[in-house]
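Me: I have a structure open and would like to go through it step by step. Could we begin with the backbone and then turn to the interfaces?

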Number of protein chains: 2
Amino acid sequence: MDLLKGFISYTKQEQLFTTDQQILLAVSGGVDSVVMAHLFKEAGFRFTIAHCNFQLRGEESERDAAFVTALADKLGVMLHTVRFDTAVYADSNRVSIQVAARELRYGWLENIRRQSGSAFIATAHHMQDNVETVLMNLCKGTGIAGLHGILPKQGHIIRPLLFTQKEQLLAYATEYSTGFAEDSSNITVKYTRNFFRHKVIPVMQEIYPAVTANIAGSIDRFREAEELYEEALQRHKKRLVEQKGNTIMIPVLKLQKTRPLHTVAWEIFKDYGCSSAQLPQVLELLNSGSGKLVETASHRIIRDRQWLLIIPVEVQDAAVIVIEKERTFVPVTNGQLKIREAERTPATVIPTSSNIACLDKQEIHYPLVLRKWRQGDYFYPLGMRKKKKLSRFFIDQKLSLPQKEKVWVLESGKRIVWIAGMRIDDRFRITDNTTRMLVLEWEEK
Amino acid sequence: MDLLKGFISYTKQEQLFTTDQQILLAVSGGVDSVVMAHLFKEAGFRFTIAHCNFQLRGEESERDAAFVTALADKLGVMLHTVRFDTAVYADSNRVSIQVAARELRYGWLENIRRQSGSAFIATAHHMQDNVETVLMNLCKGTGIAGLHGILPKQGHIIRPLLFTQKEQLLAYATEYSTGFAEDSSNITVKYTRNFFRHKVIPVMQEIYPAVTANIAGSIDRFREAEELYEEALQRHKKRLVEQKGNTIMIPVLKLQKTRPLHTVAWEIFKDYGCSSAQLPQVLELLNSGSGKLVETASHRIIRDRQWLLIIPVEVQDAAVIVIEKERTFVPVTNGQLKIREAERTPATVIPTSSNIACLDKQEIHYPLVLRKWRQGDYFYPLGMRKKKKLSRFFIDQKLSLPQKEKVWVLESGKRIVWIAGMRIDDRFRITDNTTRMLVLEWEEK
């Protein structure tokens, strides 16, 4: 009866469900899930049973299915069953049998959960499973999130037996003669987990007999520690991360002073495709000059004066790039644009390179927009008083189709100011009245 | 040379010391500490060497001492040595040989450090030592603090080899023919540690060959995670803990709403003698009525209306207990005082029990003080117009010495208002003008 009390108390403590909710129990027929079903019955909770026949062990699979059918009958609850061609699925999806069984199982269970109006799916993971998971994570290398182990509640899945050990489940099964199908529960258990269960933990037990309970107790503390960790982390993120359009801006000085730097930086940048191997490169940007960048799987992280900018890669070429006043550097796939301001004095020499554009700052209004040219675009080529279609201009310049596809234009308030690397617009040219210039530089890659 | 680079880079990264500081190296003669000495030499750092002869292995101990003497000579640095009667010390202090060796070693090293003007003591702990420590902590049961392992810098001790594995130290010793004394480094290594080193970790390595490096990497992340944990924790403490004199006050409602409750409560109450086994009882106070209390090793934690009060046990009887307006309940060793206010109407019946005192609220000024009576104390016994010494009063009451020692008096503004459980002061009695009463109740244990 101690197990039943512990079970009821654990469901309350973790607020797994309310007594008016119906739970769908995943029952393989193994001792863990069979005892779980009995506990739900004894506690007077509302539940139905689901059983997957993976058809991987011939006769034995059929025996298990029959056992669970009889169990549902005995407990007087509804039974959902399914037969999977697990081997076929594994084959055609090129996954292992274990992965196949897991995917089939959770996909089907979630469907049944919804159809049957159940609030949650309950699985029979117990304390040993949890301890194994955490030890495996630790040995693989992990952060604090790898220490919370199997969560009691996660989405629509609950694990109401995490509080107890295998031995107690076996003792209950014996005391109440629940019966169970030997070995049937381990279809989704991996080699590595079995290795930890049978080779690693028993050795630890030689010196710390209570190692499972000790680690399980630690896991509970780690879970709470993680909440405090998250709380502090969110505070740092809020302090450091600013969104402007599709650009994320992070102030360099503030990030430099942040402690612990690695962890906070990692938690920020990993959301933008940064791998752990790339993190040191990103942190180097804190000490580099404007224009340096790191390309992650999905973003570019760019040092731009006192900012780190995070920009989605796909946005850069597909859509328009909005350039705020603060930016001095805009990388795209086939080149990069540099932007700065300068005084215009009588001594100023205007460079003749078509890759450098000097414009009258007074005529420019932020934000600027950098985008690929489009059919219908027109501008006033330098030296001309009337507008010209870009398509026409490109013909004059004898651009090939691939060349045309690479052309970027810079806009200010819907007016093209520069065909990057080619010609500026006459309306923005330096005049005798110009005192301040916007200097643009295009570097093709 | 990779080891040397890694060593220099690690000392910088962890800011272990500055190049103008002198370091005292603890060198046993084993491969770890011998390589450490060579690395300090190669890096051009300032250092001296200290060697302890524990005289536990006869000839071998002498051989090690001779080896280290030669090493200091070869490296051209000063050597400090000492001989310990470790066995005698262990015997007379009733500690194990390992504990004896450790106590003697660190005590002596710290003395030499100060005498020699060294900034830090360096020990040769490496990555495996660290991984073993964390695994042992985990198996014993721990919180997040048990996962940071051996710290690179802690007080006056630094561990500049934590970044590297034993194999690399051995390879360096071989490559540069440093020589070393076999086995001599393990005098302070415990049975449990050796068990993890030789029995547990090798099994884990069968399935995760890089387990040591993986766990070491995780430890670095846990260390940073702990910083964030501490940051959030300090914020909660500041929000929840208020000190008034020698009393700590925690608002019940605020604590009830705090998440994660267990961890935050534990981190607060453990500083006041609360054991982990007592924590559930303390948390029950959140749902109990005024007057319930938990006695920890050093404090009483008392539920008093909307507060939990934490009061040092020794203070209660030794010194004075300052009672603020908020308090309704004051427990002491031999009894407890309850305090409440009440209206005084014509219908009010004044209880006759000497354990209840009804006083004129208007005459009372907070804070009140509860203390043991002292020689020289006097008061105006109810019904008398002149003062009387307490010593005289006790003679009239025929109190024995032990009885007198238990007497508490309550003061308001240096005036005694009540000899608890015996007689009130006439100046505070209920008069025809009294509209509000202070009702005191004394319960002797």
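Me: Where is the place of Pro260(A)?

Reply: This is a predicted model. In it, Pro260(A) sits in the loop between α10 (252-257) and α11 (261-269) of chain A.

Me: What is the peptide bond from Arg259(A) to Pro260(A), cis or trans?

Reply: That bond is cis, and its omega is near -5 degrees. Most peptide bonds are trans.

Me: And in chain B, what about the bond from Tyr366(B) to Pro367(B), cis or trans?

Reply: The bond joining Tyr366(B) to Pro367(B) is cis, with omega near -5 degrees. Pro367(B) belongs to the loop between β15 (356-360) and β16 (368-372) of chain B.

Me: Staying with the backbone, what is phi of Gln15(A)?

Reply: Gln15(A) has a phi near 50 degrees, which is positive although the residue is not glycine. Gln15(A) is found in the loop between α1 (2-13) and β1 (22-26) of chain A. Most residues other than glycine have a negative phi.

Me: Now the two chains. How many residues of chain B are in contact with chain A?

Reply: In chain B, 43 residues are in contact with 43 residues of chain A. About 3,800 Å² is buried between the two chains, and carbon and sulfur atoms give 72% of that area. Leu138(B), Tyr208(B) and Leu228(B) supply 17% of the area that chain B buries against chain A, more than any other three residues.

Me: Which elements of chain B give two or more residues to that side?

Reply: They are α6 (127-140), α8 (191-207), α9 (211-240) and α11 (261-269) of chain B. The largest share comes from α9(B), with 16 residues. By residue class, the side of chain B that touches chain A divides into 25 nonpolar, nine polar and nine charged residues.

Me: How many salt bridges are there between chain B and chain A?

Reply: The count between chain B and chain A is zero salt bridges. There are, however, 14 residue pairs in polar contact across this interface, with both residues at pLDDT 80 or more.

Me: How many salt bridges are there over all chains?

Reply: The count over all chains comes to 58. One example is the salt bridge between the side chains of Arg113(A) and Glu110(A), at 2.9 Å from N to O. These two residues are separated by about one helical turn, because they lie three residues apart in helix α5 (residues 97-115) of chain A.

Me: What turn lays chain B on chain A?

Reply: A turn of 180 degrees, with a shift of 0.0 Å along the axis, lays chain B on chain A with an RMSD of 0.1 Å. That is the relation of a two-fold axis. The same surface serves both copies, since 100% of the contact residues of chain B recur in chain A.

Me: Within chain A, what are the domains?

Reply: The assignment gives domain 1 (2-225), domain 2 (241-317) and domain 3 (320-444) of chain A. The C-alpha centres of domain 2 and domain 3 of chain A are 28 Å apart.

Me: How many residues of domain 2 of chain A are in contact with domain 3 of chain A?

Reply: There are 16 residues of domain 2 in contact with 13 residues of domain 3 in chain A. Together these two domains of chain A bury about 1,200 Å², 50% of it on carbon and sulfur atoms. The rule finds zero salt bridges across this interface.

Methods
Residues are numbered from 1 along each chain as its sequence is written. Chains are lettered from A and ligands numbered from 1 in the order in which they are written. This is a predicted model: local features need pLDDT of at least 70, side-chain atom pairs count only at pLDDT 80 or more; totals for chains, interfaces and linings use all residues. Side-chain values use heavy atoms; hydrogens and water are left out. Domain bounds come from an automatic or database domain assignment. Contact means heavy atoms within 4.5 Å. Buried area is the accessible area (1.4 Å probe) that two parts lose on being put together, summed over both. A salt bridge is a side-chain nitrogen of Lys or Arg within 4 Å of a carboxyl oxygen of Asp or Glu. A polar contact is a pair of N or O atoms within 3.5 Å; within protein, one must be able to donate a hydrogen and the other to accept it, and residues adjacent in sequence count only if both atoms are side-chain atoms. Helices (H or I, at least four residues) and strands (E, at least two) are DSSP runs, numbered from the N terminus. Ala, Val, Leu, Ile, Met, Phe, Trp, Tyr, Cys and Pro count as nonpolar, Asp, Glu, Lys and Arg as charged, and the others, Gly among them, as polar. Copies are superposed by least squares on the C-alpha atoms of residues with pLDDT of at least 70 in both.
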